[in-house]
Amino acid sequence: MGTAHNEAPEGAIAKTVLMSGDPLRAKYIAETYLEAPVQFNSVRNMLGFTGQYKGIPVSVMGSGMGMPSIGIYSYELYKFYGVKNIIRIGSAGAYCDALDVLDIVLVESAWSESTFALAQAGVHGDIQYPSAALNAHIQTAAKLLGQKLAACRVHSSDVFYHEPQVGSYEKFYKEHQCACVEMESFALFHNAKILGKQAACLLTISDSFVNHRELSAKERETSFDGMMRIALEATRLCG
């Protein structure tokens, strides 16, 4: 078995997958938290690993940046590898002063200007939702760990660098109630919905449009341990 983007043989990927945008973050998680991790993918350097967390099989894999990239990898995991649950673990930029660097966000809904859902399946609408059951597992895991979560709507953007005439972050916050921004969850939630699977998104605030604080690239790779632990504990509740 295999696809153009994933060389994993049948049975090499667990039913629950944690997906980070950065494949090096996936490698860090596997080497830091998983028992006996085995690499199952290196195609295009989109690294993927399967191991055990407290006796539960779990996989971690990079998704790349943007909706087309996570759209490919998540679709293949759901459709061809029998994956049931994907928890995206990524970084986000804060649009409001209620969020600051290193705060952990559980996405309740994703608003986007993207045409991903329309192009992929003829689905209209600019909001996609995560799986309620998976979000509930994440909330339970956070409570067990004593970790605080901020639940909010995210701007899932097609564009990293907006031109000035498009509007500032204040516009997305005021007009669409988006508390922060990332680039993948809208497509992930859509794929899960049309394929009858489950998806959720946990984010760590890596920079703020409001106070201009930001983490370095290295810090983004290795300092999101609170979010990682919540996601890993949630895998134990997925069944």
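Which residue in S10 is the bridge partner of Leu106? Keep that question in mind for a moment, while I remind everyone that what we have in front of us is a predicted model. The answer is Leu202, which is paired with Leu106 across to S10, and that pairing is a convenient way into the sheet around strand S6.

Strand S6, which covers residues 104-111, is mostly covered, with seven of its eight residues buried. With strand S10, residues 198-208, S6 pairs in the antiparallel sense over three bridges. With strand S8, residues 150-156, the direction is parallel, and six bridges join the two strands; here Val107 of the pairing stands opposite Cys152 in S8. There is also strand S7, residues 127-128, which pairs with S6 in the antiparallel sense over two bridges, and there Ala110 stands opposite Gln128.

Let me turn to the nonpolar interior. In soluble globular proteins, nonpolar side chains tend to be buried together. In this model the largest nonpolar core has 37 residues, and Leu77 and Cys180 are the ones with the most contacts inside it. Apart from that core lies another, of 31 residues, which includes Val60, Val101, Cys238 and the Leu106 that we began with. If we stay with Cys180 and leave aside its neighbours within four places in sequence, its contacts include Ala92, Gly93, Ala94 and Tyr95, then Cys152, Arg153, Val154 and His155, and also Leu203 and Ile205.

Now to the charged side chains, where the structure holds six salt bridges. I will start with Glu233 and Lys54, whose side chains meet in a salt bridge at 2.6 Å, N to O. Glu233 lies in helix H8, residues 225-235, whereas Lys54 lies in the loop between strands S3 and S4, so this pair ties together parts that are 179 residues apart in sequence. Glu233 itself is buried, with a relative accessible area of 9%, and a network of salt bridges links Lys54, Glu233 and Arg236.

Which residue forms a salt bridge with Glu184? That residue is Arg88, with the closest N and O atoms 2.8 Å apart. Glu184 sits in the loop between S9 and helix H6, while Arg88 belongs to strand S5, so the pair ties together parts that are 96 residues apart in sequence. Arg88 also meets Glu182 in a salt bridge, at 2.9 Å, N to O. That second pair again links distant parts of the chain, with Arg88 in strand S5, residues 85-94, and Glu182 in strand S9, residues 178-182, 94 residues apart.

For those who would ask whether these charged groups are buried or exposed, Arg88 counts as buried at 3% relative accessibility, Glu182 is buried with a relative accessible area of 3%, and Glu184 is buried as well.

Finally, a word on helix H1, residues 23-33, in which Pro23, Arg25, Ala26, Ile29, Ala30 and Tyr33 are buried. Seen down the axis of H1, these buried residues fall within an arc of 155°, so they line one face of the helix. At the N-terminal end, H1 is capped by Asp22, which has a side-chain oxygen 2.9 Å from the backbone nitrogen of Leu24.

Conventions:
Residues are numbered from 1 along each chain as its sequence is written. This is a predicted model: local features need pLDDT of at least 70, side-chain atom pairs count only at pLDDT 80 or more; totals for chains, interfaces and linings use all residues. Side-chain values use heavy atoms; hydrogens and water are left out. Buried means under 20% relative accessible area, exposed over 50%, partly exposed in between (1.4 Å probe, protein chains only). Helices (H or I, at least four residues) and strands (E, at least two) are DSSP runs, numbered from the N terminus. The arc is that of the directions from the helix axis to the C-beta atoms. A polar contact is a pair of N or O atoms within 3.5 Å; within protein, one must be able to donate a hydrogen and the other to accept it, and residues adjacent in sequence count only if both atoms are side-chain atoms. A nonpolar core is a set of buried Ala, Val, Leu, Ile, Met, Phe, Trp, Tyr and Cys residues joined through side-chain atoms within 4.5 Å. Contact means heavy atoms within 4.5 Å. A salt bridge is a side-chain nitrogen of Lys or Arg within 4 Å of a carboxyl oxygen of Asp or Glu. Two strands pair if DSSP finds at least two bridges between them.
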